[in-house]
Amino acid sequence: MIRLEKRPNPSRLWTALTPVLAVVLTMLVGGIMFALLGKPPLEAIRTIFWDPLFHPQFAGYSRPQLLVKAGPLILIAIGLSVGFRAGIWNIGAEGQYIMGAVCGAAVGLAFYPADTWLLFPLMAIAGALGGWAWAMIPAFLKTRFGTNEILVSLMLVYVAENILASASAGWLRNPEGMGFPGSRNFKQWASVYNDELVINTGMHWGVVAAFIAVIAAYVLMARHIQGFNIRLTGEAPRAARFSGVSPARIIFLCLGISGALAGMAGLFEVTGPAGQISIDFNSGYGFTAIIVAFLGRLNPFGILLAGLLMALTYIGGELAQLMLGLPGASIQLFQGMLLFFLLATDVFTNYRVRLTGREVA
Amino acid sequence: MADTLLSIRGLTKAYPGVVANDDVSFDIMKGEIHALLGENGAGKSTLVKMIFGLVKPDKGEMLLDGAAYAPGKPSDARLSGVAMVFQHFSLFDALDVAENVALGMETPPPMRDLARQIKEVSETYGLPLDPYRVVGTLSAGERQRVEIIRCLLQNPRLLIMDEPTSVLTPQEVDILFETLRKLKSEGTSILYISHKLEEIRTLCDEATILRLGKKVGTCTPREVTARQMAEMMVGSSFLTPEPKATEKGAVLLKCDKLSMPAPGAFGTPLREISLEVRAGEVLGIGGVAGNGQDELLMALSGERLAPKGAIWFKGGDISRDGPMKRRDAGLLSGPEERLGHAAAPNMSLTENAVLTGARRKGLVSNGFIDWGKAKGFAEEVIARFDVRTPGPGVAARALSGGNLQKYVVGREILQAPDVFVVNQPTWGVDAAAAAAIRQALLDLAAKGAAIICISQDLDELMEISDRFGALNEGRLSPTRAVAELDIEKIGLMMGGAHDMEVAHVDG
């Protein structure tokens, strides 16, 4: 019989090992899936994990994409991880990301065609505020009426998508766009274009912000009393209240941080790689970031690595679609598997597996 | 030898890393009330589980009435005439008494017959119980009766009782003892597990004492003192705390008709609680569990805010202040539930030091935690309160109950509170550690702090308190000096018959 025995202390070894094990298992089962789809499994996995970085022909294009994709994932995931540590489940980062992009872009476009370096920081702040405000809705409803933040934040994603659609087709539409939906293109507006800071690296302001967020989150969670209170609330809510932590304040703080970071990520995306507000501007970063946060064990540096890995599967997935004709859904399935295996192997951090024979009489 | 009922010979049971029972042998005579004594972790439960067929011994044998006895499961034990009343009840709240009893039987008779049997047994043994009452409406004492009657219906030859009095008022204890004596007179043997030494002295014929899995002695409880038994249990003599007759100072904490609604469906509302506690004084608050103890602690710690004007500390109204403000002012508290309330289970002892010590111990400056200082404070608590742990980096949940209790109580005491409110400070703690905690509380009072000790252990309250009050359904009886109380009066206070109320209305 297999028995699980609770460890007195969470195992440090397994905490570090489970993400690796999850990746390996995903590769294995993913490979089987690809084989069942009639694609060569080894080649598919090499295309996803190896080619984006080292393929002689494609790597030149896809290597900078790594940071472009990882940046928003990391930035959003860092914010989410803060809330998850407190047991506050913001599932609606996608909506906050959209609202950040819309608000930031709207503020910028209101000044079109101003030519001042002040505008971009202003837009970044507006983007953060937009995401923050969107996250305050579930926070307020939770603290005031005891609603479930998971449902409310998730529902608000669909509201945000509709706002995005109306913005790109209506009130933010490019007046010179000949009636096509979509805002003015920021790539053609030098003073606010969030271009690569170093050529051919993919490094834009959003990536810089993500790196700063990683360090700030580490300091917050490891050294600051607010970070301690957040962890305490997640670990033992009653002990937190006994300590004097106000649950409502933690809810506002955590949802606020994750909303603001998601909003900022949206703004950096719309002014940079995306270039404009369009109906399909959002590409699911807000949801994928949930996987990134867990894959990174809610640890800032773990999230940094997880974000890069996830970005790799994105780029590699696209490459696999292109070169091997793998269906897009199978790539998403592949990413989902990663989270699934991570959560499954997680049991080893807190439990020890024991094989027991029948007890001898 | 003819009148030996159960003979235990060389029972040994080892778990990975610990020998729970090491070559334990003793006999239980027919019609004898036999006490099994020992600290927490001495191996009492393992031994009893082996007798009841829940655990199989590694070595050794048992003889029941001269025949080999090796129960493979509890139903085997029941068939052989061994029954057990557990410390924690397994009853369904939504069902009535008869239905609950039927659920525990292999072949229950028709309900009406069963109800009649229950009534008979309950009358014969002086345990009044209505078979049609829904269990959810019963008190802890009545629930225990359900369990006892469930056992008695099987006509057991040996009845095992695990800490039966921990949930009872003194009056209920008397009723229980009458029942047990009646059973004994009919020839039933009883194995009685407890750490309440006075009880054992009044009830039991023989006692077997376990320490660290080994039998360390037997005695006839009537012929030795409680202190001698305690010393055998602990293996060394320990100090009985002695209250010092210090001058009582000014009133530090005062509750003025503190009323609060119940915190949830299973909570108890607080009703017009008035109390005062002075510098250098220990106020003991007794009562059966679930009568507002937790709620009172939360009201005093600031976890739940009281209505304006209800709680006064050093002359100022602190009713609306949260836990941090109260701690800053010098009012500290220690909740009953160690894991999850007083301490975060998965966090290290150092982190748990920050939990309440952050501000008073200056562990935080400009919002940043000084982990070095926090570790230092944790180590100080560990050293001063003899907490057995490999170090402050260990998760709180890895500590045994007693050690964690020493840690969380020590953490507050070392912050030098002016008023310390503590709920069940020695619950589940072994005798030596309990004595140390009580002594620490008395020392704190001697230095001029006021202490409110909420406890269900009356012996403890009598030992350390200057004054005593009892909680009953969220009401606090008028408090009286311990010196003028006897067990009868205490029982009445706990039962809610406030015969002294009239005289104190204007208090």
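These legends go with close-up views of a predicted model, covering two helices of chain B and the interface of chain B with chain A.

**View 1. Helix α12 of chain B, end to end.** Here's α12(B), running over residues 371-384, 14 residues in total. From first C-alpha to last, α12(B) reaches 20 Å, close to the 20 Å expected at 1.5 Å a residue. At the N-terminal end, look for D370(B), which acts as the cap: one of its side-chain oxygens sits 3.1 Å from the backbone nitrogen of G372(B). Just past the helix, D386(B) has a positive phi of about 55°.

**View 2. The two faces of α12(B).** Six names to find on the buried side are W371(B), A374(B), F377(B), A378(B), V381(B) and I382(B). Seen down the helix axis, the buried residues of α12(B) fall within an arc of 140°, so they line one face. That spacing is easier to follow if you remember that an α-helix has 3.6 residues a turn, so residues three or four places apart point the same way. Turned away from the buried side are the exposed residues G372(B), A383(B) and R384(B).

**View 3. What the buried side of α12(B) packs against.** The neighbours come from both chains. Chain A brings α8 (205-223) and α9 (225-235), while chain B itself adds α11 (349-357), β18 (368-369) and α13 (401-413).

**View 4. Where chain B meets chain A.** In this view, 35 residues of chain B are in contact with 25 residues of chain A. About 2500 Å² is buried between the two chains, with carbon and sulfur atoms giving 58% of that area. On the chain B side, M347(B), L355(B) and R397(B) lose the most area to chain A, together 22% of what that side buries.

**View 5. Charged and polar pairs across the interface.** The rule finds two salt bridges between chain B and chain A. One of them pairs D294(B) with R238(A), whose closest N and O atoms are 3.6 Å apart. There are also eleven residue pairs in polar contact across this interface. On the chain B side, α9 (293-301), α10 (323-329), α11, β18 and α13 each supply at least two residues that touch chain A. The largest share, four residues, comes from α11(B).

**View 6. Helix α9 of chain B, tucked in.** Eight of the nine residues of α9(B) are buried, so this helix is largely enclosed by the rest of the structure. Among the buried ones are Q293(B), E295(B), L296(B) and M298(B). Right after the helix comes G302(B), with a positive phi near 100°.

Note on methods
Residues are numbered from 1 along each chain as its sequence is written. Chains are lettered from A and ligands numbered from 1 in the order in which they are written. This is a predicted model: local features need pLDDT of at least 70, side-chain atom pairs count only at pLDDT 80 or more; totals for chains, interfaces and linings use all residues. Side-chain values use heavy atoms; hydrogens and water are left out. The expected span of a helix is 1.5 Å times one less than its number of residues. Buried means under 20% relative accessible area, exposed over 50%, partly exposed in between (1.4 Å probe, protein chains only). The arc is that of the directions from the helix axis to the C-beta atoms. Contact means heavy atoms within 4.5 Å. A polar contact is a pair of N or O atoms within 3.5 Å; within protein, one must be able to donate a hydrogen and the other to accept it, and residues adjacent in sequence count only if both atoms are side-chain atoms. Buried area is the accessible area (1.4 Å probe) that two parts lose on being put together, summed over both. A salt bridge is a side-chain nitrogen of Lys or Arg within 4 Å of a carboxyl oxygen of Asp or Glu.
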